[in-house]
Amino acid sequence: MDREPISVRSGSSEIRLARNAAEIEAAQQLRYRVFYEEMGAVPSPEARRARLDWDRYDAVADHLLVIDHEDDASIVATYRLTRREVAESTGGYYTAGEYDIGQLVATPGTIMELGRSCVEARYRTRTTMKLLWTGIAAYVFRHDIRLMFGCASFHGVDPDRHAVGLSYLHHHHRAPVDLRPRALDALYVNMDRVPPDAIDTRRAFANLPPLIKGYLRLGGWVGEGAVIDRQFNTTDVCVVVRTESVTRKYYRHYARAAGDATAR
């Protein structure tokens, strides 16, 4: 697990990697509150007793945190980052439980899985999301990451509720064939549910979940097929992003911060 210091301040908020087990546990508590108490995920008996969202990948991943120093240094947002070298030495990728990611894993260079993104309700602002992406960009620079991927979700397990959004992604944002993950056969849900000429593309994009919109704005794509995750009460798509778009968008912001005393 990487523990090199990445820290950027914006007002009272700081983004950096978790430094110890207590901070990782605080991130897991935040995930529990958002995923289970707010979004309707179904906890295991162990998770319910501990009030933690956790799995075996947490012990080896890096955990990116947004910390509000005006609110008792509380953790208000988190993202889980898993690099190739860590995943391949400790049991693989979470995404592989839903998608065939063989083509992604075969990509030369360093790749990274993004996951378990969540933000405390009152911090779901453009400022927090920019800070999260600045932290991810800093991590990308540090480790020379070429490709990022992970699952992103629509809320709920009825794909017909999201027919327009899923179809819009299918028709307009599928990854190139050589980088296109595919939902595992046993889990595959067809995303092509509405004809392309019946979709108002501007409205469809506007109604996408914010995280998926963020990936698309960075030039990201989606894979083939969706997956219903009944435990987390979500309809998942697999997102793929080449990091050139991340570094171009956030390079100036991070470069300025890296010259300040608050970035180290």
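## Helix H6, mostly tucked away

Let's call a residue buried when its relative accessible area is under 20%. This is a predicted model, and helix H6 (residues 163-172) makes a good place to start. By that cut-off, Ala163, Gly165, Leu166, Ser167, Tyr168, Leu169 and His170 are the buried residues of H6. That makes 7 of its 10 residues, so H6 is largely enclosed by the rest of the structure.

What does the packing around those residues? The buried part of H6 sits against strands E7, E10 (221-222), E11 (226-229) and E12, along with helices H7 (201-206) and H8.

## Helix H1, from cap to exit

Now for H1. Its 18 residues should span 26 Å at 1.5 Å a residue, and the C-alpha atoms at its ends are 25 Å apart, which agrees. At the N-terminal end, Asn20 acts as a cap, with a side-chain oxygen 3.2 Å from the backbone nitrogen of Ala22. Just past the helix, Gly40 has a positive phi of about 85°.

H1 has its own buried residues, among them Ile24, Leu30, Tyr32 and Phe35. Their cover includes strands E2 (13-17), E3 (62-68), E4 and E6, plus helix H2 (45-50).

## The largest pocket

The largest pocket has a volume of about 1400 Å³. Its lining takes in 47 residues, and Ser117, Met129, Pro210, Leu211 and Ile212 lie nearest the centre. Elements giving two or more residues to that lining include H1 (21-38), E4 (74-83), E6 (110-119), E7 (145-155) and H8 (210-217).

As for the chemistry, the lining divides into 21 nonpolar, 13 polar and 13 charged residues.

Terms used. Residues are numbered from 1 along each chain as its sequence is written. This is a predicted model: local features need pLDDT of at least 70, side-chain atom pairs count only at pLDDT 80 or more; totals for chains, interfaces and linings use all residues. Side-chain values use heavy atoms; hydrogens and water are left out. On a 1 Å grid over the protein atoms alone, a cavity is a set of points where a 1.4 Å probe fits but cannot get out, and a pocket is an open set with protein on both sides within 12 Å along at least five of seven lines; lining residues have an atom within 4 Å of a point. Grid points are joined across faces, edges and corners, and a volume is the space filled by probe spheres set on the points. Helices (H or I, at least four residues) and strands (E, at least two) are DSSP runs, numbered from the N terminus. Ala, Val, Leu, Ile, Met, Phe, Trp, Tyr, Cys and Pro count as nonpolar, Asp, Glu, Lys and Arg as charged, and the others, Gly among them, as polar. The expected span of a helix is 1.5 Å times one less than its number of residues. Buried means under 20% relative accessible area, exposed over 50%, partly exposed in between (1.4 Å probe, protein chains only). Contact means heavy atoms within 4.5 Å. A polar contact is a pair of N or O atoms within 3.5 Å; within protein, one must be able to donate a hydrogen and the other to accept it, and residues adjacent in sequence count only if both atoms are side-chain atoms.
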